[in-house]
Number of protein chains: 4
Amino acid sequence: MNNRPADEKKETGRIEAFSDGVLAIVITLLALELKVPTPEGNGPGLLQALIHQWPVYLAFLVSFFFILVIWINHHRLFTAIRRSDNNLLLLNGLLLLTITLIPFGTALVAEYLQSADQNVAAMVYSGIFFVNALLFNALWRYASYKDRLFDANTDLRLAAFITRQYSFGPLFYVVAFVLAMFSALLCLLWSLALAIFFVIPNRTTPELVPEGDNPEVL
Amino acid sequence: MNNRPADEKKETGRIEAFSDGVLAIVITLLALELKVPTPEGNGPGLLQALIHQWPVYLAFLVSFFFILVIWINHHRLFTAIRRSDNNLLLLNGLLLLTITLIPFGTALVAEYLQSADQNVAAMVYSGIFFVNALLFNALWRYASYKDRLFDANTDLRLAAFITRQYSFGPLFYVVAFVLAMFSALLCLLWSLALAIFFVIPNRTTPELVPEGDNPEVL
Amino acid sequence: MNNRPADEKKETGRIEAFSDGVLAIVITLLALELKVPTPEGNGPGLLQALIHQWPVYLAFLVSFFFILVIWINHHRLFTAIRRSDNNLLLLNGLLLLTITLIPFGTALVAEYLQSADQNVAAMVYSGIFFVNALLFNALWRYASYKDRLFDANTDLRLAAFITRQYSFGPLFYVVAFVLAMFSALLCLLWSLALAIFFVIPNRTTPELVPEGDNPEVL
Amino acid sequence: MNNRPADEKKETGRIEAFSDGVLAIVITLLALELKVPTPEGNGPGLLQALIHQWPVYLAFLVSFFFILVIWINHHRLFTAIRRSDNNLLLLNGLLLLTITLIPFGTALVAEYLQSADQNVAAMVYSGIFFVNALLFNALWRYASYKDRLFDANTDLRLAAFITRQYSFGPLFYVVAFVLAMFSALLCLLWSLALAIFFVIPNRTTPELVPEGDNPEVL
């Protein structure tokens with residue numbers, strides 16, 4: 001079942017294009033949360049008003065980098081996953097559901113960061129990312145189980161790397177969720193550090209090489 | 001007329017990409033209806049305010065899964081439809097019209113779910129999906145009539161499956177519309193069940209296999 | 001200069017994809033103008049409130065069909081135009097500018113359709129489409145002048161059809177603009193008729209056949 | 001390392017498609033800042049109200065042309081850059097971050113153009129474009145350093161042109177930033193002139209020719 005010809009990328013190509021569309025829209029809509037302060041006659045001036053909005057910028061930054069991480073992850077997965085079935089469509093759909101919720105979570109945590117309800121807001125926010133991480137895991141486990149959705153072109157070294165990485169990934173998000181119970185700011189800062197750590201290339205990350213290339217000779 | 005070379009996918013490729021774009025935007029805009037509750041001094045607290053918004057979440061979920069179903073359906077159709085003409089452009093345009101109306105219908109039913117006007121809202125909402133289903137039928141009938149827009153690569157077993165499935169599909173939406181006259185909540189729950197039933201793979205659903213593959217040997 | 005190899009579609013492919021993206025977003029954003037009526041205690045009821053919004057629906061419909069017409073036109077042009085240069089990028093950019101203004105024009109005419117300022121609103125609205133038609137003409141004249149941006153694969157019969165069609169096209173929009181001075185409703189109805197006339201296939205319209213096909217044998 | 005086969009465009013293809021998606025959405029969202037004036041009983045009339053909004057139109061125009069320039073630049077860069085690595089993903093992500101901020105900056109400068117806070121608004125606005133230009137530089141320097149992300153198909157004449165152009169490019173944005181300290185209007189007019197100068201083809205700009213073509217014979 002796995003020694004099929006190498007030209008069958010088509011189906012995941014469509015899933016990837018649709019998911020990329022959703023991710024491009026979500027990452028752009030994030031910035032719509034940055035509101036222009038309404039001019040006030042005797043107000044504190046624009047500069048102060050802009051600085052006063054710092055929770056909005058912080059939440060925006062965290063979410064922006066997380067969506068970037070999600071995009072990179074999604075592509076890494078679909079470099080290995082090359083076949084498609086109806087279960088994959090459903091799992092990817094649930095993944096997209098959590099992704100479209102990110103702007104809502106971002107606005108929520110920005111609005112309530114300095115209020116008494118900050119913990120609820122931060123738990124909803126980090127909860128979205130936690131469920132997202134779980135769904136990434138579920139999708140990968142489903143696709144990689146007995147190489148179900150791989151084909152002859154799948155780089156098994158990359159697949160092994162993803163499996164290793166995903167075995168402890170959700171733990172990071174559990175920490176964010178627990179931190180949210182104590183301080184929304186702490187939760188955001190941890191999440192920012194996490195997203196930047198994920199997005200910055202490190203030695204253990206294999207390059208996202210175009211398929212067909214031989215990673216050994218790079 | 002039907003024994004043409006196999007490299008003529010181009011025209012429906014453009015229709016599919018445009019439709020996918022609209023679907024990706026619509027599914028993402030849905031989540032913009034999830035509003036952040038405005039903080040209140042002596043209010044009931046954020047958690048209660050969020051729980052109070054449950055009609056918005058329910059309507060969001062129903063619409064999200066329906067758009068997923070529409071996306072899967074649209075691709076299944078265009079796996080079989082491989083040629084294009086001006087009538088197809090028009091029919092697909094009308095289909096897109098009903099799709100862009102979904103966020104409006106969703107917001108409407110969420111806003112009025114618990115008011116006296118719930119039936120009007122739910123009838124508009126389920127009416128959009130009913131007309132959408134009718135247009136899917138019209139598009140399919142037009143394209144499949146005497147294999148009009150098929151070509152040599154069209155999987156006729158898939159085409160027969162779609163024809164069978166579409167012969168009773170709109171009935172489900174009539175039921176939703178009738179339920180809307182009695183209770184908006186019942187209409188939403190029925191629609192949710194319907195969408196989940198459609199989206200969850202079942203034995204009778206052929207896999208969306210990449211074209212050129214032979215389904216028999218799967 | 002024109003007998004170049006047939007594999008040089010790449011550059012217009014990028015222009016087309018970008019333009020399609022803008023068109024898909026604009027056609028979807030249109031529906032965001034359909035606002036949910038705010039529930040009123042002693043108000044006229046939802047059904048009446050929805051019916052009362054008819055100018056919004058009418059303007060939405062007109063603009064929706066026009067964007068569909070623009071999409072079909074844009075693709076027809078770029079079936080013939082197969083090479084690219086910096087002037088084409090600029091002309092297409094100006095075309096996109098008028099396209100992104102359509103939601104604004106639509107909201108304007110819907111808001112003022114029944115007020116004393118209806119003529120100004122309708123003139124702005126039809127003015128956007130008039131400038132759009134002029135830019136379509138300019139782009140086509142630039143590209144088709146001495147077959148500047150054609151190549152060996154360009155269907156010259158299609159090119160001749162477009163030139164013929166575009167020679168009188170803007171006139172229709174002048175009529176819409178003149179009607180706007182008298183009645184915004186008349187202007188909208190004329191525009192709707194125009195858009196539907198353009199979008200409905202007719203005998204003189206060549207099919208949008210995939211390139212490489214020979215239209216004579218269809 | 002550089003004499004690899006010519007079919008490895010895939011990875012930057014994905015970056016380009018994602019970036020194009022973001023750019024298409026941002027350029028379309030810009031026009032959402034054009035608000036329909038609310039009808040007033042004894043107000044100055046729609047025409048006056050529309051004319052009164054001129055700062056919004058001016059800021060819209062400047063930003064629209066700048067995004068067009070960014071799109072053209074991005075493609076020119078990725079005509080030369082043909083390989084990808086994780087650093088490129090990060091640099092391109094930061095570039096996209098500044099791009100998604102443009103609608104916010106545009107709304108800010110339009111709102112405050114005629115107020116005492118105009119300088120702060122214009123400095124934020126031109127600051128976004130300055131950081132964007134710096135990131136374009138950083139991305140190009142990273143990719144072109146020792147031909148790191150080029151391959152055998154990279155047009156080295158185009159690469160040399162870009163390096164020359166980028167060596168003084170950010171200076172123009174410094175001027176805009178300095179002008180912003182004195183007058184927001186002056187800053188906007190300079191930026192408009194800059195964007196139009198960039199977007200209008202000139203003798204020194206090589207055509208964006210499809211790869212594989214020989215620019216000499218054009």
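Buried means under 20% relative accessible area. These legends describe a predicted model.

**Figure 1. Overall make-up of chain A, an all-helix pattern written α-α-α-α-α-α-α-α.** Chain A holds eight helices and zero strands. Of its 218 residues, 58% are buried. Take the contacts in chain A between residues at least 6 apart in sequence: 81% of them join residues at least 24 apart.

**Figure 2. Chains A and B, superposed by a rotation of 90 degrees.** The shift along the axis is 0.0 Å, and the RMSD is 0.0 Å. This is therefore the relation of a four-fold axis. Chain A and chain B use different surfaces, with 6% of the contact residues of chain A recurring in chain B.

**Figure 3. Packing of helix 3 against helix 7 in chain A.** Helix 3 spans residues 54-80, and helix 7 spans residues 156-182. Their axes lie 11 Å apart and form an angle of about 150 degrees. The crossing is left-handed. Helix 3 contributes Phe66(A), Asn73(A), Arg76(A), Leu77(A) and Thr79(A). From helix 7 come Leu158(A), Phe161(A), Ile162(A), Gln165(A), Tyr166(A) and Tyr173(A). By type, the residues of this contact are seven nonpolar, three polar and one charged.

**Figure 4. The salt bridge between Asp151(A) and Arg82(A).** Over all chains, the whole structure contains eight salt bridges. In the pair shown, the closest N and O atoms are 2.9 Å apart. Asp151(A) sits in the loop between helix 6 (118-144) and helix 7 of chain A. Arg82(A) sits in the loop between helix 3 and helix 4 (86-100) of chain A. The pair therefore ties together parts that are 69 residues apart in sequence. Are the partners buried or exposed? Asp151(A) has 4% relative accessibility, so it counts as buried. Arg82(A) has a relative accessible area of 3%, so it is buried too.

**Figure 5. A salt bridge from chain B to chain C, formed by Arg14(B) and Glu16(C).** The N to O distance is 3.7 Å. The pair crosses between chains: Arg14(B) is in helix 1 (residues 10-29) of chain B, and Glu16(C) is in helix 1 (residues 10-29) of chain C. Arg14(B) counts as buried, at 9% relative accessibility. Glu16(C) is buried as well, with a relative accessible area of 6%.

**Figure 6. A salt bridge from chain D to chain C, formed by Glu16(D) and Arg14(C).** Here the N to O distance is 3.8 Å. This pair also crosses between chains, running from helix 1 (residues 10-29) of chain D, the site of Glu16(D), to helix 1 of chain C, the site of Arg14(C). Glu16(D) counts as buried, with 5% relative accessibility. Arg14(C) is buried, its relative accessible area being 10%.

**Figure 7. Surroundings of Phe136(B) in helix 6 of chain B.** This helix covers residues 118-144. Phe136(B) has 4% relative accessibility and so counts as buried. Which residues does Phe136(B) touch, not counting residues up to four places away in sequence? They are Ile70(B), Asn73(B), His74(B), Leu77(B), Leu95(B) and Tyr166(B). Phe136(B) and Ile70(B) are 66 residues apart in sequence, yet their C-alpha atoms are 9.2 Å apart in space.

**Figure 8. Surroundings of Ile128(C) in helix 6 of chain C.** Helix 6 of chain C covers residues 118-144. Ile128(C) is buried, with a relative accessible area of 11%. Neighbours within four places in sequence aside, Ile128(C) is in contact with Thr98(C), Leu101(C), Ile102(C) and Gly105(C). Between Ile128(C) and Leu101(C), the C-alpha atoms are separated by 7.2 Å. Along the chain, these two residues are 27 residues apart.

**Figure 9. Surroundings of Thr12(D) in helix 1 of chain D.** Is Thr12(D) buried or exposed? Its relative accessibility is 0%, so Thr12(D) counts as buried. Leaving aside neighbours within four places in sequence, Thr12(D) is in contact with Phe78(D), Ile81(D), Arg82(D), Arg83(D) and Ser84(D).

Technical notes
Residues are numbered from 1 along each chain as its sequence is written. Chains are lettered from A and ligands numbered from 1 in the order in which they are written. This is a predicted model: local features need pLDDT of at least 70, side-chain atom pairs count only at pLDDT 80 or more; totals for chains, interfaces and linings use all residues. Side-chain values use heavy atoms; hydrogens and water are left out. Axes are lines fitted to C-alpha atoms, for helices over the stretch in contact, and angles run from 0 to 180 degrees between N-to-C directions. Helices (H or I, at least four residues) and strands (E, at least two) are DSSP runs, numbered from the N terminus. A crossing is left-handed if the near helix is turned anticlockwise from the far one by less than a right angle, and right-handed if clockwise. Contact means heavy atoms within 4.5 Å. Ala, Val, Leu, Ile, Met, Phe, Trp, Tyr, Cys and Pro count as nonpolar, Asp, Glu, Lys and Arg as charged, and the others, Gly among them, as polar. A salt bridge is a side-chain nitrogen of Lys or Arg within 4 Å of a carboxyl oxygen of Asp or Glu. Buried means under 20% relative accessible area, exposed over 50%, partly exposed in between (1.4 Å probe, protein chains only). Copies are superposed by least squares on the C-alpha atoms of residues with pLDDT of at least 70 in both.
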